Amino acid sequence: MKISEVARSVDLPISTIRYYEQIGIITDEYVIRDHNNYRVYTSDIIHHLNVVKHCLAVGFTIRDIQSMISKNGIPKDEHVNLLQDKIAEIEAAQLKLEESKQQLYDILTSDIICEKGFGKY
């Protein structure tokens with residue numbers, strides 16, 4: 001597949017695909033050079049990039065993904081630990097958001113009138 005076909009298939013800009021290749025997110029196993037030295041991507045690249053997109057969507061960073069790829073396979077227990085750590089991060093963020101939301105509700109019910117100056121009753 002040409003890079004434009006890959007980009008269209010996974011809904012990513014071509015520049016992102018090139019960047020992923022440059023930083024090692026796309027490894028050599030997915031790239032073949034044709035007789036004109038153009039990149040040709042294997043069909044497996046689609047699944048690989050969809051996994052990358054999914055990992056980013058659930059909160060993993062590019063560095064997290066680079067680390068996982070560089071290990072070239074992760075034992076199941078390490079994989080489970082990574083996922084449990086990410087779940088814990090999300091739960092902590094949810095708790096912080098709930099606390100912030102409650103503080104905003106508290107402000108709403110405290111009868112602060114801004115017409116007399118910010119934060120004055």
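Partly exposed means a relative accessible area between the buried range, under 20%, and the exposed range, over 50%. The model used here is predicted.

**Exercise 1.** Classify Arg39 as buried, partly exposed or exposed, and find its salt-bridge partner.

*Solution.*
- Step 1: Take the relative accessibility of Arg39, which is 30%.
- Step 2: Arg39 therefore counts as partly exposed.
- Step 3: Look at the side chain. Arg39 forms a salt bridge with Glu21, at 3.0 Å from N to O.
- Step 4: Place both residues. Arg39 sits in strand E2 (residues 39–41), and Glu21 in helix H2 (residues 14–23). They are 18 residues apart, so the pair links distant parts of the chain.

**Exercise 2.** Locate the salt bridge of Lys86 and decide whether Lys86 is buried or exposed.

*Solution.*
- Step 1: The partner of Lys86 is Glu89, with N to O at 3.0 Å.
- Step 2: Both residues belong to helix H5 (residues 76–109). Three residues separate their positions, about one turn of the helix.
- Step 3: The relative accessible area of Lys86 is 7%. Buried requires under 20%, so Lys86 is buried.

**Exercise 3.** Test the pair Lys101 and Glu98 against the salt-bridge cut-off, then classify both residues.

*Solution.*
- Step 1: The cut-off is within 4 Å. The N to O distance is 3.5 Å, and the side chains meet in a salt bridge.
- Step 2: Lys101 and Glu98 lie in helix H5, three residues apart.
- Step 3: Lys101 has 39% relative accessibility, so it is partly exposed.
- Step 4: Glu98, at 45%, is partly exposed.

**Check.** The structure holds three salt bridges.

Methods. Residues are numbered from 1 along each chain as its sequence is written. This is a predicted model: local features need pLDDT of at least 70, side-chain atom pairs count only at pLDDT 80 or more; totals for chains, interfaces and linings use all residues. Side-chain values use heavy atoms; hydrogens and water are left out. Helices (H or I, at least four residues) and strands (E, at least two) are DSSP runs, numbered from the N terminus. Buried means under 20% relative accessible area, exposed over 50%, partly exposed in between (1.4 Å probe, protein chains only).
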